[in-house]
Amino acid sequence: MDDLAPSGLHFLAVPGVRTLLTPGMLAVGEALADACAQRRFLCVLGDAGVGKTFAVRTAARRLGAAALLDLRAQPAPADLRAGLHGALELTGAPPADPGAADTLIRRALAATPRIVVVDDADRMSGSCLEYLRFLHDGTPGGLCVVLIAGQHGERHLRAQRMLATRTAAWLHLCALNRDQIPLAVHALHPLWQAVAPGHLQALDARFASGSLRRWVLLTHHTQRALAATSAAAPDARLLQTVVDRIDSPGRRP
């Protein structure tokens, strides 16, 4: 895409990183537009770092009003109520009484069509998913809810019987393949444009495995290395030093 990524949306908020129109981004945009029109659930699945959250939030931002929920680990329905109260920009503190909180939330959802986005949805209990069903069924015309989960979280979501009849699509995102790497990484950030395609593919095999999050991490550390050495562009020696420094057990995001 021609535009820079919205501030704070990309992993690490690295300056100069651009939004890529990857196959995953296209697929999410199409699936979310369809789920939004139907006001149904959409489940987006994939391994860590393939760009699930970024693609969903970017597409939701372009489609209209989105309510983005950042929840603690193993949330309870009370956490969803508090999160929605803030995401919907309701006035005052969230009511302590669940019924009063639900009344405010349902009024806001009925007044303006929203896209409710829940990351790490596979960490939610059945009671939390049932609460989202309650909101969906209680909103006139339905409610678009996007559940983002890791590849191993699909079984947990599939076990929720209520999703079977309320989900517009189950979308799986994949990492970039070897042939896609040079074009994608050259477009990701200007510092990679001087690096040969074969070297980028070798870096991907060693470090990123097609993960855009890993490429953003590598971009961040390479920028720092360039600033420290006053080099104009990364060469093979500098990149090897950067990868050796950050690619150790336990450091992968």
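This is a short talk on three helix packings and the largest pocket in one structure.

Okay, a reminder before we start: this is a predicted model. I'll go through the helix pairs and then move to the pocket.

Let's begin with H5, which runs over residues 126–138. Its partner in the first pair is H4, residues 98–111, and the two pack at an angle of about 50 degrees with their axes 10 Å apart. That angle makes H4 oblique to H5. As for handedness, the crossing of H4 and H5 is right-handed. So who is touching whom? From H4 you have Asp102, Ile105, Arg106 and Leu109, and from H5 you have Tyr131, Phe134, Leu135 and Gly138. By type, that contact splits into 5 nonpolar, 1 polar and 2 charged residues.

Stay on H5, but look at H3, residues 77–87. Here the axes come within 8 Å and cross at roughly 45 degrees, and H3 and H5 are therefore oblique to each other. On the H3 side, Pro77, Leu80, Arg81 and Leu84 do the touching, and they meet Ser127, Cys128, Tyr131, Leu132 and Leu135 of H5. The split for this contact is 7 nonpolar, 1 polar and 1 charged. If you want residues to click on, Tyr131 and Leu135 of H5 appear in the contact with H4 and also in the contact with H3.

Now for the third pair, H9 and H10. H10 covers residues 236–246, and the axes of H9 and H10 come within 10 Å and cross at roughly 120 degrees. That makes H9 oblique to H10, and H9 passes H10 in a right-handed crossing. H9 puts in Leu217, Leu218, His221, Thr222, Ala225, Leu226 and Thr229, while H10 answers with Leu238, Leu239, Val242, Val243 and Ile246. How many charged residues are in this contact? None: the split is 9 nonpolar, 3 polar and no charged.

H9 also takes us to the pocket, as one of the elements giving two or more residues to the lining of the largest one. That pocket holds about 780 Å³ of space. There are 39 lining residues, and the closest to the centre are Gly49, Val50, Gly51, Lys52 and Thr53. Besides H9 (212–229), the elements giving two or more residues are H1 (23–38), H2 (52–63), and strands S4 (144–150) and S5 (167–173). Which element gives the most? H2 does, with 5 residues. Overall, the lining divides into 18 nonpolar, 13 polar and 8 charged residues.

That's my tour; over to you.

Definitions and conventions. Residues numbered from 1 in each chain as written. Predicted model: local features only at pLDDT ≥ 70, side-chain atom pairs only at ≥ 80, totals over all residues. Heavy atoms only, no water. Axes fitted to C-alpha atoms, helices over the stretch in contact; angles between N-to-C directions. Helix = DSSP H or I, 4+ residues; strand = E, 2+ residues; numbered from the N terminus. Parallel < 35°, antiparallel > 145°, perpendicular 65-115°, else oblique. Left-handed = near helix turned anticlockwise from the far one by under 90°. Contact = heavy atoms within 4.5 Å. Nonpolar A, V, L, I, M, F, W, Y, C, P; charged D, E, K, R; others polar. 1 Å grid on protein atoms, 1.4 Å probe; cavity = no way out; pocket = protein on both sides within 12 Å on 5 of 7 lines; lining within 4 Å. Points joined across faces, edges and corners; volume = space filled by probe spheres on them.
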